[in-house]
Amino acid sequence: FVKFAVEKFDKLPLQDIPRKPRVGLVGEILVKFHPDANNNAIDVIEAEGCEAVLPGVLDFFLYCCYNPVWASQNLGRSKKTAFINKNAIEILESFRKPINEAFKATGGKFMLSERIEELAQKSSTILSCGNFCGEGWFLTAEMIELIQDGVPNIICAQPFACLPNHVTGKGMIKELRRHYPMSNIIPIDYDPGASEANQLNRIKLMISTAHAVHNSMLAKEEKK
């Protein structure tokens, strides 16, 4: 079924135009995935002439499984719990392996999923993997993964006053920009009392920068 689905998507006709700027959406799990919670951020991105990139949901559960493993190795927590979670990771990764193999056969058209251990290693260059609250270190890892996969423009969606996400999301942006100068990240607070117009204006400002950088890169390639 995986091979069938990927082959069908691979055969979809593409427009003969340069690739649009890519904008990723990360953040607290509900706000990231529920369109009503993020005021249809994906639709806004696409309406502004960009390609929306939304990471999958499975990595969040792998992150939850990895935390007891890290705690056992670094904090002396239960080895039994770590063993159970480590095996859970292997089972979940075994289901995802055929998908990555099918993606590889398309010649790089689709983004490949990385193992949770690799994401933990990447995030540890910015913050400690001991940040377990909320999306914790995984939120930073997702942003690093997107940047390295060619998606430097990122919306970091978070509920208002969600302290863990403000620390590991908004709080990491300055350091991420130091490591990745090309990154264009904007934190957006979502809650019933927040101004939707203000959210929209901030996203549009970020996207206008994305278009400017993207067009500049296309111009340089044409000169070559």
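**Helix 7 and its surroundings**

Of the 13 residues of helix 7, 12 are buried, so this helix is largely enclosed by the rest of the structure. The description given here refers to a predicted model. The buried residues of helix 7 are Gly136, Trp137, Phe138, Leu139, Thr140, Ala141, Glu142, Met143, Ile144, Glu145, Leu146 and Ile147. After helix 7 comes Gly150, which has a positive phi, near 90°.

Helix 6, which spans residues 116-123, has Ile116, Leu119, Ala120, Lys122 and Ser123 as buried residues. Around the axis these residues cover an arc of only 160°, and they therefore lie on the same side of helix 6. Three helices pack against the buried residues of helix 6, namely helix 4 (58-75), helix 5 (79-104) and helix 7 (136-148). Two of these pairings are described below.

Two packed helices are described by the angle between their axes and the distance between the axes. For helix 6 and helix 7, the angle is about 95° and the axes are 8 Å apart. Helix 6 is therefore roughly perpendicular to helix 7, because angles of 65 to 115 degrees count as roughly perpendicular. On the side of helix 6, the contact involves Ile116, Leu119, Ala120, Lys122 and Ser123, which meet Trp137, Phe138, Ala141, Ile144, Glu145 and Gln148 of helix 7. The residues of this contact between helix 6 and helix 7 comprise 7 nonpolar, 2 polar and 2 charged. Among the helix 7 residues in the contact, Trp137, Phe138, Ala141, Ile144 and Glu145 are buried.

The axes of helix 4 and helix 6 come within 10 Å of each other, with a crossing angle of roughly 75°. Helix 4 and helix 6 are therefore also roughly perpendicular to each other. Asp59, Leu62, Tyr63 and Tyr66 are the helix 4 residues that meet Ile116, Glu117, Leu119 and Ala120 of helix 6. By class, the contact of helix 4 with helix 6 holds 6 nonpolar residues, no polar residues and 2 charged residues. Ile116, Leu119 and Ala120 of helix 6 meet residues of helix 4, and these three residues also meet residues of helix 7.

Helix 4 also contains Gln73. With a relative accessibility of 56%, Gln73 counts as exposed, because the class begins over 50%. Gln73 and Ser183 are 110 residues apart along the chain, and their C-alpha atoms are separated by 32 Å.

Phe110 is located in the loop between helix 5 and helix 6. Its relative accessible area is 24%, so Phe110 is partly exposed. When residues up to four places away in sequence are not counted, Phe110 touches Val6, Phe9, Asp10 and Phe103. A separation of 13 Å is found between the C-alpha atoms of Phe110 and Leu12, which are 98 residues apart along the chain.

Arg22 belongs to strand 1, which covers residues 22-27. Because its relative accessibility is 12%, Arg22 counts as buried. The side chain of Arg22 reaches the backbone oxygen of Asp149 at a distance of 3.2 Å. Apart from neighbours within four places in sequence, the residues in contact with Arg22 are Glu51, Val53, Met111, Asp149, Gly150, Val151 and Asn153. One of these contacts, Gly150, is the residue with positive phi that follows helix 7.

How values were computed: Residues numbered from 1 in each chain as written. Predicted model: local features only at pLDDT ≥ 70, side-chain atom pairs only at ≥ 80, totals over all residues. Heavy atoms only, no water. Helix = DSSP H or I, 4+ residues; strand = E, 2+ residues; numbered from the N terminus. Buried < 20%, exposed > 50% of the residue type's maximum accessible area, 1.4 Å probe, protein only. Polar contact = N/O pair within 3.5 Å; in protein donor to acceptor, adjacent residues only side chain to side chain. Contact = heavy atoms within 4.5 Å. Arc of directions from axis to C-beta. Axes fitted to C-alpha atoms, helices over the stretch in contact; angles between N-to-C directions. Parallel < 35°, antiparallel > 145°, perpendicular 65-115°, else oblique. Nonpolar A, V, L, I, M, F, W, Y, C, P; charged D, E, K, R; others polar.
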